[in-house]
Amino acid sequence: MSESMSMAAALNPPKTPFKINLTPALPPPPTSSALTFKPNNNFPTLCAAAQPQQQEHAALLDTLLNSTRKNQVLHSIRTTSPFNCLSETNLHHTVPALTSKTRGKVRDIYDSGEYLVLVTTDRQSAFDRVLASIPFKGQVLNQTSLWWFERTQHITANAVVSTPDPNVTIAKKCSVFPVEFVARGFVTGSTDTSLWTVYNKGIRNYCGNALPDGLVKNQKLAENILTPTTKAADHDVPVTPDEIIERGLMTRADYEEVSRKALSLFEYGQRVASEHGLILVDTKYEFGKAEDGSIMLIDEVHTPDSSRYWIASSYLERFQNGLEPENVDKEFLRLWFKNHCNPYEDEVLPEAPEDLVCELSWRYIFLYETITKSKFEVLLSEEPIHERISRNVASALASLK
């Protein structure tokens with residue numbers, strides 16, 4: 001069962017006891033962004049942004065690596081994490097309206113009959129397993145997704161009903177397509193299914209995409225592509241569009257519609273990220289079908305868990321010098337585990353260092369603040385997080401009856 005199951009057709013803040021303060025929905029950005037890529041002998045070059053915006057974007061790296069805001073957040077992470085690290089939930093024992101629990105890699109999903117309750121935990125997943133718990137991660141993912149869900153409704157409907165808690169989304173049920181749509185703009189990655197891993201092995205046709213010879217790691221593709229995957233046991237399996245249709249996973253019409261939506265979402269996300277000094281490198285989307293047959297975006301959108309982000313101002317210089325881009329996602333945690341163990345085969349993994357965990361928490365918060373242009377609210381409370389979520393979910397479900 002997909003860990004997303006569904007999100008809902010429309011936001012419904014009046015019925016929620018907890019309200020995320022989102023700024024008014026933005027119109028689609030203009031077709032020309034401040035930061036664009038142009039091919040030049042297979043190597044990207046960046047078009048210069050306007051001077052004030054260029055300076056603002058260049059300052060992003062300083063904020064990420066060494067800033068007063070970073071020190072403030074790290075202090076909060078280290079002093080409040082005992083109350084804000086959510087590794088496991090059991091709401092079916094504390095909220096009478098919930099009848100069952102499904103545990104995903106990151107989300108715990110509860111059935112309330114008409115709705116699903118999706119709790120985003122702080123579990124950190126990679127290599128098809130949980131690596132650590134990252135303070136405030138669940139809150140960041142949930143609130144980042146809500147920001148994007150609200151701003152992508154001109155591209156596709158989503159399934160969000162309400163958000164009664166920073167870690168929780170209530171969603172209408174839908175029939176989930178058993179395919180994840182991975183959108184990619186660059187040749188990069190470190191997992192077995194990443195584009196660079198398979199390309200470096202000599203594969204030149206991946207998920208139905210013909211790739212030219214001569215590409216190097218972290219290079220921009222000539223155009224965005226989709227590399228869909230499906231599930232087998234607990235890992236992702238690359239699949240071609242023809243295989244998806246031949247296996248009956250999706251009809252051709254549904255596949256074509258979802259593919260269009262996925263590429264449109266990715267292009268939109270890249271433009272918004274570019275305007276904020278970031279590069280949206282790749283991401284994954286999940287979709288489902290509502291009872292009326294309409295296709296909806298579900299799960300999460302453009303989060304640092306489902307996406308790869310780089311700092312735009314330093315990308316080109318680092319790429320030309322053969323250095324890894326400055327990333328704002330979980331890639332550096334993946335690389336640490338790959339350097340210290342075999343994360344696919346070792347039965348017991350080493351414990352992630354505290355400094356690494358805190359750094360990843362800060363980067364997730366940094367991304368949220370950079371994209372949304374709003375300050376992340378670190379919830380300081382003596383109330384255990386599980387009790388807070390139980391109370392908010394019970395109240396929200398009662399109001400939806």
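In which helix does Glu-359 lie? The legends below refer to a predicted model, and the first of them takes up this residue.

**View 1. Glu-359 within helix H9.** Glu-359 lies in helix H9, the helix that spans residues 354-372. With a relative accessible area of 15%, the side of the cut-off on which Glu-359 falls is clear: buried means under 20%, and Glu-359 is therefore counted as buried. When its neighbours within four places in sequence are left aside, the residues in contact with Glu-359 are Lys-70 and Phe-332.

**View 2. The packing of helix H3 against helix H9.** Helix H3, made up of residues 137-151, packs with helix H9 at an angle of about 20°, and the two axes are 9 Å apart. Because angles under 35 degrees count as roughly parallel, H3 and H9 are described as roughly parallel to each other. The crossing in which H3 passes H9 is left-handed. On the H3 side the contact is made by Lys-137, Val-140, Leu-141, Gln-143, Thr-144, Trp-147 and Trp-148, while H9 contributes Tyr-364, Ile-365, Tyr-368, Ile-371 and Thr-372. Sorted by character, the residues of this contact comprise eight nonpolar, three polar and one charged.

**View 3. Ser-100 in strand S3 and the residues it touches.** Ser-100 is found in strand S3, which covers residues 100-103, and at 32% relative accessibility Ser-100 counts as partly exposed. Not counting residues up to four places away in sequence, Ser-100 touches Ile-109, Tyr-110 and Asp-111. Asn-90, which is 10 residues from Ser-100 in sequence, is placed 9.6 Å from Ser-100 in space, C-alpha to C-alpha.

**View 4. Cysteines in a model with zero disulfides.** A search of the whole structure finds zero disulfides. Cys-85 is accordingly in no disulfide, and the nearest cysteine sulfur, belonging to Cys-358, is 9.6 Å away. Because a disulfide requires a pair of cysteine sulfur atoms within 2.5 Å, that separation does not qualify. Cys-85 is partly exposed, at 29% relative accessibility, whereas Cys-341 is buried, with a relative accessible area of 15%.

**View 5. The protein chain as a whole, for orientation.** The protein chain contains 10 helices and 20 strands, and of its 401 residues 57% are buried. Among contacts between residues at least 6 apart in sequence, 69% join residues that are at least 24 apart.

Conventions
Residues numbered from 1 in each chain as written. Predicted model: local features only at pLDDT ≥ 70, side-chain atom pairs only at ≥ 80, totals over all residues. Heavy atoms only, no water. Buried < 20%, exposed > 50% of the residue type's maximum accessible area, 1.4 Å probe, protein only. Axes fitted to C-alpha atoms, helices over the stretch in contact; angles between N-to-C directions. Helix = DSSP H or I, 4+ residues; strand = E, 2+ residues; numbered from the N terminus. Parallel < 35°, antiparallel > 145°, perpendicular 65-115°, else oblique. Left-handed = near helix turned anticlockwise from the far one by under 90°. Contact = heavy atoms within 4.5 Å. Nonpolar A, V, L, I, M, F, W, Y, C, P; charged D, E, K, R; others polar.
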